[in-house]
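Student: I have the model open and would like to learn how to read it. Could you take me through a few features, general idea first?

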Amino acid sequence: MKAIICNANDRLVWAEVPNPIIKPGDALIEIHAAAINRADLLQRAGQYPPPAGWPEWFGLEVAGVIVALGAEAQAQDEWHIGDQVCALLGGGGYAEYVACPTEMLMPIPKGVSMQEAAALPEAFGAAYLFLFYEARLRAGDTVLMQAGASGLASVVIPMARAFGARVLTTVLNEKVAESIVHLKADRVIDTSREDLAEVMDQELNAGHGVDICIDCLGGENVGRYIQHMNRLGRWIMIATLAGNMTKVDLCALYVRGTRLIGTTLRSRTPAQKKEILSEMVQKIWPKVENGEIRPTIWRTYPITEAEEAQRMMAEGRSVGKIVLTVK
């Protein structure tokens, strides 16, 4: 089969690789579409290797059709050849086929295309983990989502709002703010002309301070911002695109009961991922099917143009998810 690999010049090429080996509990998926995630860029830079047992090529989420099942998977009789599914992977999604444990499979929600479905497993799984497992989201909470034009934000914002949260998000400028109007955040903070700490104080004084922050930026300002949360606030650290270091007033943390939590979906055990995905299908899929929550697809590329697609993400050009079409 073919997959996207890095050649000797660190360029992404569509090349022959070994066929997947189907384990007893696996399904073999013929991939129709695969979504790009920032973790792919980190993996390419040597900073985020795939878990043991997964292919070395990129791809954490796909949509496609089951074309074969291992013996144990057949005996369970939960999934069948011909089922249309989306799947959360440890790697290997930029390819024609992937072998995946059946516990990482989900049905494609009704009315959702293959391209949309490919954008569900990682982004929706991560959003669900951050909001409901780590932050314990409740109706009436105020959520701050950093980097409002990101693929993750395109899920977190509508997901949080669908469950009764007030949502704030940050953008770099007015043009980006205009591009995410469809997400219907309650307040979009243009950091080119507004200070986030001052905005957080305004929200706090108005009686709806930030209870939860989903932060993919990090950087030196985290220590300043975190002091302006509501009491018992939960600051969820998921990446550090703006830098790894900050200074935190630890006294302010314990006095206000603030929690600084680091987490990722990829590092979770298979059993934990299975639990998250199963809950997500029950709780989130109905809201996907009725249109309350849908992925924002910024652009699709043929799989052979993965180099260009990754470049768009690396340059911060995308607003929402980038998807590769395979079949």
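Tutor: Let's start with burial: a residue is buried under 20% relative accessible area, exposed over 50% and partly exposed in between, using a 1.4 Å probe and protein chains only. Thr258 has 10% relative accessibility, so Thr258 counts as buried. A word on the source: this is a predicted model, where local features need pLDDT of at least 70, side-chain atom pairs count only at pLDDT 80 or more, and totals for chains, interfaces and linings use all residues. Residues are numbered from 1 along each chain as its sequence is written, and side-chain values use heavy atoms, with hydrogens and water left out.

Student: Where does Thr258 lie, and what is Thr258 in contact with?

Tutor: Helices (H or I, at least four residues) and strands (E, at least two) are DSSP runs, numbered from the N terminus. Thr258 sits in the loop between helix H9 (250-256) and strand S13 (259-262). Contact means heavy atoms within 4.5 Å. Setting aside neighbours within four places in sequence, Thr258 contacts Ile226, Met229, Gly233, Ala252 and Leu253.

Student: How do I read a nonpolar core, and which residues of the largest one touch the most other members?

Tutor: In soluble globular proteins, nonpolar side chains tend to be buried together. Here, a nonpolar core is a set of buried Ala, Val, Leu, Ile, Met, Phe, Trp, Tyr and Cys residues joined through side-chain atoms within 4.5 Å. The largest one has 82 residues, and Phe124, Met159, Ile214, Ile284 and Trp285 touch the most other members. Helix H4 (residues 121-134) gives this core its largest share, ten residues. Another core, of 16 residues, lies apart from it and includes Leu144, Ile189, Val199 and Val222.

Student: What does Trp285 touch?

Tutor: Not counting residues up to four places away in sequence, Trp285 touches Cys86, Met106, Pro107, Ile108, Pro109, Leu120, Phe124 and Met280.

Student: Back to H4, then. How many of the residues of H4 are buried?

Tutor: H4 is mostly covered, with 14 of its 14 residues buried. Just after H4, look for Arg136, which takes a positive phi of about 55°.

Student: And Glu134, which is found in helix H4: buried or exposed?

Tutor: Glu134 counts as buried because its relative accessibility is 15%. A polar contact is a pair of N or O atoms within 3.5 Å; within protein, one must be able to donate a hydrogen and the other to accept it, and residues adjacent in sequence count only if both atoms are side-chain atoms. The Glu134 side chain makes one with the side chain of Thr263 (2.7 Å).

Student: How many salt bridges are there in the whole structure?

Tutor: A salt bridge is a side-chain nitrogen of Lys or Arg within 4 Å of a carboxyl oxygen of Asp or Glu. Searching the whole structure turns up 18 salt bridges. In one of them, the side chains of Glu134 and Arg268 meet at 2.4 Å, N to O. That pair links distant parts of the chain, 134 residues apart, with Arg268 in the loop between S13 and helix H10 (270-283).

Student: Which other pairs should I click on?

Tutor: Try Glu30 and Lys327, whose side chains meet in a salt bridge (3.9 Å, N to O). Glu30 is in strand S3 (residues 26-35) and Lys327 in the segment after strand S15 (321-325), 297 residues apart. Glu30 is buried at 17% relative accessible area, whereas Lys327 is exposed at 60%. Then find Asp10, Arg11, Arg44 and Glu307, which are linked in a network of salt bridges.
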